[in-house]
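The following exercises concern a single protein model. Each task is followed by a solution that proceeds step by step.

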Amino acid sequence: MFKEFLKNGFQKITLEQKALGIIYQEILFKLKVEYLINDDISSIHKKLDITNLNNVRLSLINHISEFPEIHNLIYDLASNELDKLLGPDIAVQKKINISIQMPHDQSSLLDLHTDVLAGNSPYEVILWLPLCDVEKTASFYLLPLDESKKYNQVGFVESKKEIFEKEKDKFYWPKLKFGEGIIFSPSLVHGNVENIENYSRISLNIRFKSLFTPFHKKKLGEYFIPLKEGIVSKVVREVGFD
Ligand SMILES: [Fe+2]
């Protein structure tokens with residue numbers, strides 16, 4: 001089941017539809033009420049001004065992160081895969097990250113990086129999902145494990161621009177339909193470029209990890225919260241050993 005993840009450090013998945021529908025409707029509701037966006041979420045560039053985009057993004061993040069049961073809903077999107085990857089005791093990122101890439105917006109670009117070198121634990125996985133069909137520059141790029149691993153061992157010696165030029169032919173650009181997502185390792189080099197497609201992309205990303213693997217700079221209680229407890233852990237807590 002995880003052949004692709006083992007080989008490349010990423011895996012495309014099909015999301016659970018009911019949870020996705022609830023999350024999608026909630027984001028759409030907020031966009032409609034506050035920003036008068038119609039049903040076409042990939043046309044938001046026709047209504048939103050680029051200068052206001054970061055405020056819109058932050059207000060969506062705050063809104064969805066406080067939605068009741070949001071962490072369980074996000075987990076439901078990929079529960080089969082997450083259970084198999086991480087085991088029964090799972091921590092989830094507290095904030096639900098949202099990014100918006102409107103056509104030709106150069107102010108929201110995410111430069112080439114790995115999350116591990118930015119302070120995330122290599123034991124995390126990232127779930128990334130778009131709220132419309134995406135491909136090419138409306139998506140983002142991932143450098144597969146074999147090519148990415150050298151950068152995690154030594155950090156970035158070359159400039160990000162040099163690495164981009166050197167590796168760009170090996171990038172994988174997820175082509176995803178609405179209803180699909182991708183799970184990837186924070187050790188992978190990734191980023192995005194100017195969206196030169198003719199539609200906007202809104203996407204969510206959230207990190208999960210086993211409660212019992214090492215945390216790095218992003219700590220439990222601050223950046224992560226407990227999501228799920230396995231049977232043995234419940235008994236241990238009941239006894240009072242946690
Ligand atoms: Fe990242």
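**Exercise 1.** Determine what spacing the donors of the iron ion follow along the chain.

*Solution.* In this predicted model, the donors of the iron ion follow the pattern H-x1-D-x74-H. The residues behind that pattern are His113, Asp115 and His190. The two histidines each coordinate through NE2, and the aspartate through OD, at 2.1 to 2.2 Å. As to their environment, both His113 and Asp115 are buried.

**Exercise 2.** Establish whether strand β8 (residues 201–210) is enclosed or open, and treat its two faces separately.

*Solution.* Step one is the criterion: a residue is buried when its relative accessible area is under 20%. Step two is the count: ten of the ten residues of β8 are buried, so the strand is largely enclosed by the rest of the structure. Step three is the division into faces. In a regular strand, side chains alternate between the two faces of the sheet. On one side of β8 lie Arg201, Ser203, Asn205, Arg207 and Lys209, and on the other Ile202, Leu204, Ile206, Phe208 and Ser210. Every one of these residues is buried, and both faces are thus covered.

**Exercise 3.** Identify how strands β2, β3 and β4 pair with β8, giving the sense and the number of bridges.

*Solution.* Take the strands in turn.

- β2 (residues 90–93) pairs with β8 in the antiparallel sense through three bridges; Ile90 stands opposite Ser210.
- β3 (residues 97–101) is joined to β8 by five bridges, again antiparallel; here Ile100 faces Ile202.
- β4 (residues 125–130) and β8 are antiparallel over six bridges, and the bridge partner of Pro130 is Ser203.

**Exercise 4.** Locate Pro88, classify its accessibility and list its contacts outside the sequence neighbourhood.

*Solution.* Pro88 belongs to the loop between α5 (79–86) and β2. Its relative accessibility is 46%, so Pro88 counts as partly exposed. With neighbours within four places in sequence left aside, Pro88 is in contact with Lys228, Glu229 and Gly230. By contrast, Pro88 and His104 are 16 residues apart in sequence, yet their C-alpha atoms are 42 Å apart.

**Exercise 5.** State which residues make the nonpolar surface patch of about 650 Å², and classify Val239 as buried or exposed.

*Solution.* The patch is made by Ile231, Val232, Val235, Val236, Val239 and Phe241. Val239 lies in helix α8 (residues 231–239). Because its relative accessibility is 55%, Val239 counts as exposed.

Note on methods: Residues are numbered from 1 along each chain as its sequence is written. This is a predicted model: local features need pLDDT of at least 70, side-chain atom pairs count only at pLDDT 80 or more; totals for chains, interfaces and linings use all residues. Side-chain values use heavy atoms; hydrogens and water are left out. Patches are made of residues with over 30% relative accessible area and no salt bridge: like charges are joined within 9 Å, nonpolar side chains (Val, Leu, Ile, Met, Phe, Trp, Tyr) within 5 Å. Accessible areas come from the Shrake-Rupley method with a 1.4 Å probe; for residues, only the protein chains shown count as cover. A salt bridge is a side-chain nitrogen of Lys or Arg within 4 Å of a carboxyl oxygen of Asp or Glu. Helices (H or I, at least four residues) and strands (E, at least two) are DSSP runs, numbered from the N terminus. Buried means under 20% relative accessible area, exposed over 50%, partly exposed in between (1.4 Å probe, protein chains only). Two strands pair if DSSP finds at least two bridges between them. Contact means heavy atoms within 4.5 Å. Donors are N, O and S atoms within 2.8 Å of the metal (3.2 Å for Na, K and Ca); water is not among the atoms, so sites may look incomplete.
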